[in-house]
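Let's take a walk through this one together. Have the sequence and the 3D view open side by side, and follow along strand by strand.

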Amino acid sequence: MVIRDARFICSNTQVALCPEPALPEYAFIGRSNVGKSSLINMLTGRSGLAKTSSLPGKTQLINHFLINEQWYLVDLPGYGYARVSKESRANWAKMIRAYLEKRTNLSCVFVLIDSRLPPQAVDLEFITMLGEMSVPFVLVFTKADKQSGSRTAQNVRTFLEKMRETWDELPRHFVTSAVGRDGREEVLGFIDEVNQQ
Ligand code: GTP
Ligand code: MG
């Protein structure tokens, strides 16, 4: 897929204020600092489109980006950052739940997982919630450039084996690097496929 045009539309905390749900939408979510905003920049080829930071907790709002005037990419705030108050955590959960429940044009959620780590409880819990809410999702294992390919493959296998304990069917998954641009064609090809369904 060729990205001809990618532009920021709006940021907000309320689903009711998101753009009219007339086009398919793909949301990126995962632990703080896992690389959601970087992946959006890598996929669109626009390095400053989504704001990134080496400090976790950079993205705080629901951010809509319109791609090729045809579909939206959505950058969401991450979860699992330890230095966050109980109140902010509760607000995050409320906002994300409302987003997942009410966004009628949500075609698929991309759950980003740090490819360097063993299965993390927060990721598994979030995935369980998506299952309970019947939200379609796929997995993206990020930062693959930070270790060998065989190490990444092993961690992906371990994660999927963990999921197999509770899931009959495993989701599709992708391995990406925002630095090496790995996985770009695969993720964009998948979006193309879903857009055409
Ligand atoms: P929050 O908005 O805080 O939830 O974080 P995020 O998930 O949007 O992460 P972000 O894209 O801001 O990236 C966090 C840090 O990881 C930044 O320092 C990025 O440069 C780095 N990073 C992201 N993706 C990759 C990657 O694929 N490879 C490497 N080496 N670094 C990455
Ligand atoms: Mg971010």
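**Starting from the inside**

Strand S6, residues 137–142, is largely enclosed by the rest of the structure, since 5 of its 6 residues are buried. Keep in mind that you're looking at a predicted model. Next to S6 you'll find strand S5 (residues 106–114), and the two run parallel, joined by 6 bridges. If you want a pair to click on, try Leu112, whose bridge partner in S6 is Val140.

From S5, step across to strand S2. S5 and S2 are also parallel, again with 6 bridges between them, and here Ala27 sits opposite Val109 of S5. How many of the residues of S2 (residues 25–30) are buried? The count is 6 of 6, so S2 is largely enclosed by the rest of the structure. That burial covers both faces of the strand: Glu25, Ala27 and Ile29 point one way, Tyr26, Phe28 and Gly30 point the other way, and all are buried. Glu25 is worth a second look, as this buried residue stands opposite Tyr72 in strand S4. S2 and S4 pair in the parallel sense, over 4 bridges.

Now zoom out to the whole sheet. Strands of a sheet pair through backbone hydrogen bonds, and they can do so either parallel or antiparallel. In this model, 7 strands form an open sheet with mixed pairing, in the order S1-S3-S4-S2-S5-S6-S7. The edges belong to S1 (6–12) and S7 (173–175), each of which pairs on one side only. On average, neighbouring strands of the sheet are turned by 25° against each other, ignoring direction. For an antiparallel example, go to S1 and strand S3 (residues 62–67), which are joined by 6 bridges. Asn12 is the residue that stands opposite Ile62 in S3.

What about the rest of the chain? Altogether there are 5 helices and 7 strands, and reading along the sequence you meet them as β-β-α-β-β-α-β-α-β-α-β-α. The radius of gyration is 16 Å, close to the 16 Å that the globule rule gives for 197 residues, so the chain is as compact as a globular protein of that length. Its C-alpha atoms fill a box of roughly 40 × 40 × 35 Å along the principal axes. Buried residues make up 35% of the 197. Of the contacts with a separation of 6 or more, 74% are between residues 24 or more positions apart.

**A covered helix and the ligand**

Helix H1 (residues 36–44) brings us to the ligand. H1 is mostly covered, with 9 of its 9 residues buried; among them are Lys36, Ser38, Asn41 and Thr44. Right after the helix comes Gly45, which has a positive phi near 75°.

Which helix gives the most to the shell around ligand 1? That's H1, which contributes 3 residues. There are 23 residues around the ligand, and Gly35, Ser38, Thr52, Thr59 and Gly78 come nearest. Ser38, then, is buried in H1 and is also one of the residues that come nearest to ligand 1. By type, the shell divides into 5 nonpolar, 13 polar and 5 charged residues.

**Out to the loops**

Finish the tour with three loop residues. Glu69 is in the loop between S3 and S4 (71–75). Is Glu69 buried or exposed? It has 9 C-beta neighbours inside 10 Å, so Glu69 counts as exposed. Its backbone is worth a glance too: Glu69 has a positive phi of about 60°, although it isn't a glycine.

Ser134 is another non-glycine residue with a positive phi, this one about 55°. You'll find Ser134 in the loop between helix H3 (121–132) and S6, and with 7 C-beta neighbours inside 10 Å it counts as exposed.

Last stop: Glu165, in the loop between helix H4 (149–164) and S7. Glu165 counts as exposed because it has 7 C-beta neighbours inside 10 Å. To get a feel for the span here, pick Gly149 and Glu165: they are 16 residues apart along the chain, and their C-alpha atoms are separated by 25 Å.

Terms used
Residues numbered from 1 in each chain as written. Chains lettered and ligands numbered in written order. Predicted model: local features only at pLDDT ≥ 70, side-chain atom pairs only at ≥ 80, totals over all residues. Rg over C-alpha atoms; globule rule 2.2 N^0.38 Å. Buried ≥ 20, exposed ≤ 12 C-beta atoms within 10 Å, placed from the backbone. Contact = placed C-beta atoms within 7 Å. Pairing = 2+ DSSP bridges. Axes fitted to C-alpha atoms, helices over the stretch in contact; angles between N-to-C directions. Near = placed C-beta within 6 Å. Nonpolar A, V, L, I, M, F, W, Y, C, P; charged D, E, K, R; others polar.
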